Amino acid sequence: MFRLPMIIIYMIIAFNLTVFTLLLQFDFLIFNSIFLKILFWLLTVGAWVLSYKKRDKFVTLF
């Protein structure tokens, strides 16, 4: 039995959202909407909070 910590999965998602949000913030993408920037910053903060809260959970593989 292999136990995979859920923080790895949540942090991969949170890191990818952070990079996308930074690219959006620096206007490297086509989108220049203030509403999208605020929305993705809230999603990014929520993803990091969720990864912090689920840091002690495990998934059993095999």
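## How much is buried

Let's start with the inside. Of the 62 residues in this protein, 15% are buried. Keep in mind that you're looking at a predicted model.

As for the outside, the accessible surface adds up to about 4,900 Å². Carbon and sulfur atoms account for 77% of that surface.

## The overall layout

The secondary structure is a short list: two helices and two strands. Reading from the N terminus, you meet them in the order β-α-α-β. The protein is more spread out than a compact globule, because its radius of gyration is 15 Å, well over the 11 Å that the globule rule gives for 62 residues.

You can also look at the C-alpha trace, which spans about 45 × 20 × 10 Å along the principal axes of the protein.

What about links between distant parts of the sequence? Take the contacts between residues at least 6 apart in sequence: 70% of these join residues at least 24 apart.

## A nonpolar patch on the surface

Which residues form the nonpolar patch on the surface? They are Met11, Phe15, Val19, Leu22, Leu23, Phe26, Phe28, Trp41 and Trp48, and together they have about 850 Å² of accessible area. Two elements give two or more residues each to this patch: α1, covering 6–25, and α2, covering 34–53. The top contributor is α1, with five residues.

One patch member to pick out is Trp48, which sits in helix α2. Its relative accessibility is 33%, so Trp48 counts as partly exposed, given that the partly exposed range runs between under 20% for buried and over 50% for exposed.

## A buried threonine in α2

Now for another residue of helix α2, Thr44. Is Thr44 buried or exposed? With a relative accessible area of just 3%, Thr44 is buried, since the cut-off for buried is under 20%.

Who are its partners? Leaving aside residues up to four places away in sequence, Thr44 touches Leu17, Thr18 and Thr21. Those numbers fall within the 6–25 stretch of α1, while Thr44 itself belongs to α2. So if you want a spot where the two helices meet, follow Thr44 to Leu17, Thr18 and Thr21.

There is also a polar partner closer by in the sequence: a polar atom of the Thr44 side chain lies 2.7 Å from the backbone oxygen of Phe40.

Conventions:
Residues numbered from 1 in each chain as written. Predicted model: local features only at pLDDT ≥ 70, side-chain atom pairs only at ≥ 80, totals over all residues. Heavy atoms only, no water. Helix = DSSP H or I, 4+ residues; strand = E, 2+ residues; numbered from the N terminus. Rg over C-alpha atoms; globule rule 2.2 N^0.38 Å. Buried < 20%, exposed > 50% of the residue type's maximum accessible area, 1.4 Å probe, protein only. Contact = heavy atoms within 4.5 Å. Areas by Shrake-Rupley, 256 points an atom, 1.4 Å probe, with all protein chains shown as cover. Patch = residues over 30% accessible without salt bridge, like charges linked within 9 Å, V, L, I, M, F, W, Y side chains within 5 Å. Salt bridge = Lys/Arg side-chain N within 4 Å of Asp/Glu carboxyl O. Polar contact = N/O pair within 3.5 Å; in protein donor to acceptor, adjacent residues only side chain to side chain.
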